[in-house]
There are 2 protein chains.
Amino acid sequence: MLDRRSKQDGKVGSSVGPRFLQIANEIRDQIHRGDLTVHDILPSERSLSEQYGVSRMTGRRALEALETEGLVYNADRRGRFVSPKRLNYNVSNMVSFVTTAQASEVDLEIEVVETAESFADTRLASLLEQPEGCGVFEYTRLFHSGKHPIFIETEYLIAERFPGFLNRNLRQSTTQILEKSYNTLANTGDIVIRMRGVQAFEAQLLNIASSHTVIELEQVIRDDKGTPFCFGRQVWRGEMAEFSAHAIVSRQDQGKA
Amino acid sequence: MLDRRSKQDGKVGSSVGPRFLQIANEIRDQIHRGDLTVHDILPSERSLSEQYGVSRMTGRRALEALETEGLVYNADRRGRFVSPKRLNYNVSNMVSFVTTAQASEVDLEIEVVETAESFADTRLASLLEQPEGCGVFEYTRLFHSGKHPIFIETEYLIAERFPGFLNRNLRQSTTQILEKSYNTLANTGDIVIRMRGVQAFEAQLLNIASSHTVIELEQVIRDDKGTPFCFGRQVWRGEMAEFSAHAIVSRQDQGKA
DNA sequence: CCGTTCATCTGGTATATACCAGTATCAGGA
DNA sequence: TCCTGATACTGGTATATACCAGATGAACGG
């Protein structure tokens, strides 16, 4: 049925390597040339397979390769689209990612997914330097940019320090709420960043396949006295962000790693 | 041939969802229970398919799912193995990742892949605050832990400031060389961390498939006067590390992101 | 005008098969 | 003893097919 040199040829003139990578390369070029731009829809698996005379699976692998590169995102059963450019999250600049983002060209929308009053478990209590079982306010928010989910954030605040916090409008920068209404300034933070597999509910909120990887950013936020008052966890679509920091070497830390 | 309730049943009693995820879950449990421990070999795609009565592709997807989670790594055509636990890289502690790692239980080996004297292009010159075309020493090293590649590091040093640098033994902490032989102390750094697709030569060095994602960490290192003297890029196997930092808020940064 | 229905897109899961290309081991020969 | 080659693994790439399930938009009916 197919007019290919052999089942697995390669090394014939121009293109080499796996067929699916050759196809991925052609599409990547189209994106870089600008034939396809941000949020444009890509050819479907089936149309790719016709266009290149390969099976659907091969077309699929080409598209999946572009997905893992972050060049393309996949909206479940609607098709694949060209990714927008990354957001930069400056973790040293704790004075509100929201404010900074909104000050630049980025339109950031916040959806409150869940709020709760609960009690700190062992780990959380230890991070917040509070007794186990102390009351905490807990809220989860989903951040969008132009209808596209970017990251999920869950924060835990020491309840007694911020009375009535959950009744406030959480669709804004919480750093500003803390600053204006509670006279609490984020001053330092201990941050951990790691790449990991996405969990089912996260995949759903972020609109990605359950086989993808995400970037998890956890931070303990302290006030000007060094007292922790907030623990936060962000789960980012990996291709949507880069994280920058300005570090000042503290030579006392040496034994810690 | 197969005794399954229907082509795509699910919802029959215990396990639900895609078959490949059910299988992945069972294997994940085995790892968490300790039936399989670090660097143990997992069942092959073919043996999984027999064991569970599924096609090879389904067994494969189960294993791939565990790979993207980082729980399992894949050594090209040798099989899949249980991943070791993550290393922690404290980016605030620039006083040598090597030294800190070697001080703890981690055995870290360094292989020098390439060294070169070259000239700074536009971007590099700008990062190092030097004129374009200035001389730089460039070296690429591969870091292993127990025969397993962890990350690739390429560093660029201002040549005239560190005469004879490339003749030194680079299989050790360069921070220490700089400190002891050139009286230069790493004091601050501007760091960017992002997740991205791996490039072919990186995939080969890191011993991962070319469809994987990695974490890229770039940093400009400055001395105590704030003068940049080194630019470095690290490419990590994403599942092998987590990055921690202690950030101090600098409110002047606000406009920068 | 609005809501329902339905055909038709999309990707998601799954099977079966085939052959390619590295890796590892072990038997046999120089 | 050491090298060679056969062999039996491993995953990698590819085809062909089937059906499921969510998304979408157009046609239809109230």
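**Protein contacts with DNA strand C and a helix crossing**

Reader: Which phosphate contact to DNA strand C does the side chain of Arg60(A) make, and at what distance?

Author: The model is predicted. In it, the contact runs from a polar side-chain atom of Arg60(A) to a phosphate oxygen of DNA strand C. Pairs of N or O atoms count as polar contacts within 3.5 Å. The distance here is 3.1 Å.

Reader: Which residue of chain B puts a backbone N or O atom by a phosphate oxygen of DNA strand C?

Author: In chain A, a backbone N or O atom of Glu45(A) lies 3.0 Å from such an oxygen. In chain B, the backbone atom lies 3.3 Å from a phosphate oxygen of the strand, and it belongs to Phe20(B).

Reader: Which element gives the most residues to the surface near DNA strand C?

Author: 27 residues surround the strand, with Arg46(A), Arg56(A), Arg19(B), Thr58(B) and Arg78(B) the closest. Elements that each supply at least two residues include α2 (45-52) of chain A and α1 (19-33) of chain B. The largest share, four residues, comes from α3(B).

Reader: How many residues of the surface near DNA strand C are charged?

Author: Of the strand's atoms within 4 Å of the protein, 67% belong to sugar or phosphate. The residues of the surface include six nonpolar and seven polar ones. The charged residues number 14.

Reader: Is the crossing of α1(A) and α3(A) left-handed or right-handed?

Author: The two axes come within 8 Å and cross at roughly 55 degrees. That angle makes α1(A) oblique to α3(A). The crossing is right-handed.

Technical notes
Residues numbered from 1 in each chain as written. Chains lettered and ligands numbered in written order. Predicted model: local features only at pLDDT ≥ 70, side-chain atom pairs only at ≥ 80, totals over all residues. Heavy atoms only, no water. Near = heavy atom within 4 Å. Polar contact = N/O pair within 3.5 Å; in protein donor to acceptor, adjacent residues only side chain to side chain. Nonpolar A, V, L, I, M, F, W, Y, C, P; charged D, E, K, R; others polar. Axes fitted to C-alpha atoms, helices over the stretch in contact; angles between N-to-C directions. Parallel < 35°, antiparallel > 145°, perpendicular 65-115°, else oblique. Left-handed = near helix turned anticlockwise from the far one by under 90°.
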